[in-house]
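Work through the exercises below with the sequence and the coordinates at hand, and try each task before reading its solution.

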Amino acid sequence: MTDITTTRQLIMQQAHLKLDRDEAEKTWFLLGTRGCHLCDEAENTLRLFSGVTATAIEKVDIADFNEEFMMQFATIIPVVLTPTQQINYPFSVADLMAHQ
């Protein structure tokens with residue numbers, strides 16, 4: 001696994017995200033995929049969190065990644081990447097607040 005900054009840059013490239021530099025530095029990424037019920041639960045938790053904190057969340061489907069990069073996350077999704085760290089599921093709003 002690469003460092004968090006490099007991982008975030010790879011995500012933006014491979015998911016074709018168009019974020020300006022300021023947005024990219026502040027946005028939290030939710031990595032998941034279609035049909036993942038835990039990913040749906042994580043998204044709901046993040047929705048509650050972002051409603052309270054106004055944190056920008058970008059949902060990213062790991063199926064958009066190349067196979068090698070996708071496999072780094074395939075068995076651990078859902079995953080949240082903050083600007084400074086990776087948070088693996090399960091997590092609560094309180095857990096996310098502690099990482100803000």
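**Exercise 1: The packing of the first helix**

The buried residues of α1 pack against α2 (21–26), β1 (28–32), β2, α4 (67–71) and β3 (79–81). Bear in mind throughout that this is a predicted model.

Task: Establish which residues of helix α1 are buried, and describe what is found at the start of α1 and just after α1.

Solution. Step 1: Helix α1 covers residues 4–14, and its buried residues are Thr7, Arg8, Ile11, Met12 and Gln14, where buried stands for a relative accessible area under 20%.
Step 2: An α-helix has 3.6 residues a turn, so residues three or four places apart point the same way. With that in mind, look again at Thr7 and Ile11, and at Arg8 and Met12, which are among the buried residues of α1.
Step 3: At the start of α1, the backbone nitrogen of threonine 5 lies within 3.0 Å of a side-chain oxygen of aspartate 3.
Step 4: Just after α1 comes histidine 16, whose phi is positive, at about 55°.

**Exercise 2: The setting of aspartate 61**

Task: Decide whether aspartate 61 is buried or exposed, and find which side chains it joins through polar contacts.

Solution. Step 1: Aspartate 61 has its place in strand β2, which spans residues 57–61.
Step 2: The relative accessible area of aspartate 61 is 12%, and because buried means under 20%, this residue counts as buried.
Step 3: Leaving aside residues up to four places away in sequence, aspartate 61 touches Gly32, Thr33 and Arg34.
Step 4: The side chain of aspartate 61 forms a polar contact of 2.8 Å with the side chain of threonine 33, and another polar contact, of 2.5 Å, joins it to the side chain of arginine 34.

**Exercise 3: The chain as a whole**

Task: State in what order the elements run from the N terminus, and judge how the radius of gyration compares with the globule rule.

Solution. Step 1: The protein has five helices and four strands, and from the N terminus on they follow the order α-α-β-α-β-α-β-β-α.
Step 2: The radius of gyration is 12 Å, close to the 13 Å given by the globule rule for 100 residues, so the protein is as compact as a globular protein of that length.
Step 3: Of the contacts with a separation of 6 or more, 69% are between residues 24 or more positions apart, while buried residues make up 38% of the 100 residues.
Step 4: The protein exposes about 5800 Å², of which carbon and sulfur atoms supply 51%.
Step 5: The protein carries 7 positive and 14 negative charges, and their mean positions are 5 Å apart.

Note on methods
Residues numbered from 1 in each chain as written. Predicted model: local features only at pLDDT ≥ 70, side-chain atom pairs only at ≥ 80, totals over all residues. Heavy atoms only, no water. Helix = DSSP H or I, 4+ residues; strand = E, 2+ residues; numbered from the N terminus. Rg over C-alpha atoms; globule rule 2.2 N^0.38 Å. Buried < 20%, exposed > 50% of the residue type's maximum accessible area, 1.4 Å probe, protein only. Contact = heavy atoms within 4.5 Å. Areas by Shrake-Rupley, 256 points an atom, 1.4 Å probe, with all protein chains shown as cover. Lys, Arg positive; Asp, Glu negative; His and termini not counted. Charge placed at Lys NZ, Arg CZ, Asp CG, Glu CD. Polar contact = N/O pair within 3.5 Å; in protein donor to acceptor, adjacent residues only side chain to side chain.
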